[in-house]
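Visitor: Could you take me in for a close look at one part of this model? I'd like to hear how it sits among its neighbours.

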Amino acid sequence: MTESESSHGSPVSWSRGQKVVHPSRQTYVALLKKLLDDGFTMCTDLTAVDYLTHPGRELPAGIEAERFEVVVNLISIASKDRLRVRVQVPESDPTIASAFDLWPGTEAMEREVFDLFGIRFDGHPDLTRILMPEDWEGHPLRKDYAVGRIPVQFKGANS
């Protein structure tokens with residue numbers, strides 16, 4: 001791997017003209033800190049993907065595909081650069097460190113990922129459900145969540 005194929009020691013790929021950095025779960029927060037120091041002061045999105053039904057995606061050499069992936073989109077306002085961070089998260093241990101201490105605006109985004117995918121964020125200040133009721137069982141955006149399990153009630157409809 002040449003220097004141009006890595007960023008702060010993590011493999012890099014390109015997608016639709018955008019640089020994508022692929023840290024391990026262990027180096028995730030250290031990389032985010034370096035990127036913040038590099039001027040990526042805005043986190044515009046933090047979400048997840050469940051690749052249960054699509055395991056054959058392209059990843060750089062040395063990155064092992066896992067069922068889940070946490071995706072973070074960053075912007076450097078000063079340089080007008082965008083950067084995507086993709087971290088593989090295994091189904092057997094769906095946890096990753098929280099980005100809250102670096103970008104407090106990720107608080108609700110991490111809660112949404114926890115609620116809908118079941119990925120836990122270590123160090124999050126209030127990792128509770130945000131969209132589903134507290135007593136809801138399961139995580140609706142997981143690919144193995146049964147289709148049609150959520151009952152739809154229409155206002156004013158005959159019961």
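Guide: Let's start at a helix end: G118 comes right after α2 and has a positive phi, near 80°. Before going further, this is a predicted model, where local features need pLDDT of at least 70 and side-chain atom pairs count only at pLDDT 80 or more, while totals for chains, interfaces and linings use all residues. Residues are numbered from 1 along each chain as its sequence is written, and side-chain values use heavy atoms, with hydrogens and water left out.

Now the helix itself. α2 covers residues 107-117 and is mostly covered, with eight of its 11 residues buried. Here helices are DSSP runs of H or I with at least four residues, strands are E runs of at least two, and both are numbered from the N terminus. Buried means under 20% relative accessible area, exposed over 50%, and partly exposed in between, using a 1.4 Å probe and protein chains only. The buried set is M109, E110, R111, V113, F114, D115, L116 and F117. What do they pack against? Strands β4, β5 (68-76), β7 (95-97) and β8 (120-122) take the buried residues of α2, with contact meaning heavy atoms within 4.5 Å.

One of those strands, β4, spans residues 42-50 and includes M42. M42 counts as partly exposed because its relative accessibility is 36%. Leaving aside residues up to four places away in sequence, M42 touches N73, L74, I75, I77 and W103. P90, by contrast, is 48 residues from M42 in sequence and 27 Å away in space, C-alpha to C-alpha.
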